[in-house]
Amino acid sequence: MTAPATTLFVSHGSPTLILEDVPATRFLRQLGATVARPKAIVAVSAHWMTRGPAVSRAAQPETVHDFYGFPPALYALRYPAPGAPEVAQRIADALHDAGMSAALDPAQGLDHGAWVPALLAWPAADIPILQLAVQPYMDAAHHVAMGRALAPLAADGILVLASGSATHNLRALARDRHDQVADWAQRFDDWLVERVEAGDVDALVDWKRQAPMAQMAHPTDEHFLPLFVALGAAGEGVKGRALHRSFTHGALSMTSFAFAAA
């Protein structure tokens, strides 16, 4: 079991991950049992994008099915966990103290980047959960700084669960192939794991210039940005470790990390 101060980054994959039996699904199903039970979860999802920091303070966040054309069984799923308005206010105050204004959204629900991993890891839906948005027009350093403002939450047992994708190029996926991994995806994923486990924050923040095949791995940034929030929220001198590594659809990395101060 990891220490309460750990922050997590998980690759949430396709919405259908929750209906599949692949290594990443099995990993997420046991994740909740391998970390200290949090008092609340701050889900940083790639699918809530805003121009400035925003926090959901919904008392009972809705399960948002933010996708189209998927199996009916997926739309029947719900994650009825309570919200955490007091934690949302605390986050907004912390971001303000760090020089970042933050909007409090009374209606934002849980998109699939939040509820799919939460439903797999904590299926009882009895832990309060809220969302924190990413800003796709801002860089990695901004998201590390946003995470650093959240670092004190760990002392109170509040878990930062960042949810995105270690690689995310939907045009390059082979939908029915899981066993053969594209070379560019493997190269980027290997670099990412090496830099995370070395605690090389500078290289990670400069990923667009330093990572091999960076533009191919992430034609847009939004699915990679949650990782930097988790990294920042673990505090200074952070190091990560890979909790899981696999691929789906030939190029979609499902690599997930735990971060903690060294």
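**Helix α5, the nonpolar core and the largest pocket**

At the N-terminal end of α5, D139 acts as a cap, with a side-chain oxygen 3.3 Å from the backbone nitrogen of A141. The model is a predicted one, in which local features need pLDDT of at least 70 and side-chain atom pairs count only at pLDDT 80 or more, while totals for chains, interfaces and linings use all residues. Residues are numbered from 1 along each chain as its sequence is written, and side-chain values use heavy atoms, with hydrogens and water left out.

Helix α5 covers residues 140-150, and 8 of its 11 residues are buried, so the helix is largely enclosed by the rest of the structure. Buried means under 20% relative accessible area, exposed over 50% and partly exposed in between, with a 1.4 Å probe and protein chains only. Helices (H or I, at least four residues) and strands (E, at least two) are DSSP runs numbered from the N terminus. Among the buried residues of α5 are H142, H143, M146, G147 and L150. In the loop between α5 and β6 (158-164) stands A155, which is exposed at a relative accessible area of 71%.

T7 lies in strand β1 (residues 7-11) and is buried, at 2% relative accessibility. Its C-alpha atom is 10.0 Å from that of G147, although the two residues are 140 places apart along the chain. Contacts (heavy atoms within 4.5 Å) of T7, not counting residues up to four places away in sequence, include L159, V160, A230 and F259. The side chain of T7 also reaches the backbone oxygen of A230 at 2.7 Å.

The largest nonpolar core (buried Ala, Val, Leu, Ile, Met, Phe, Trp, Tyr and Cys residues joined through side-chain atoms within 4.5 Å) has 86 residues. Y79, I91, L132, L150, L192 and F259 have the most contacts inside this core. Leaving aside neighbours within four places in sequence, L132 is in contact with residues including I91, M146 and L150.

The largest pocket holds about 410 Å³ of space. Of its 22 lining residues, H47, H168, L170, E222 and H223 are the closest to its centre. A pocket is an open set of points on a 1 Å grid over the protein atoms alone, where a 1.4 Å probe fits, with protein on both sides within 12 Å along at least five of seven lines; lining residues have an atom within 4 Å of a point. Strand β2 (residues 40-49) gives the most to this lining, with 3 residues.

Conventions. Polar contact = N/O pair within 3.5 Å; in protein donor to acceptor, adjacent residues only side chain to side chain. Points joined across faces, edges and corners; volume = space filled by probe spheres on them.
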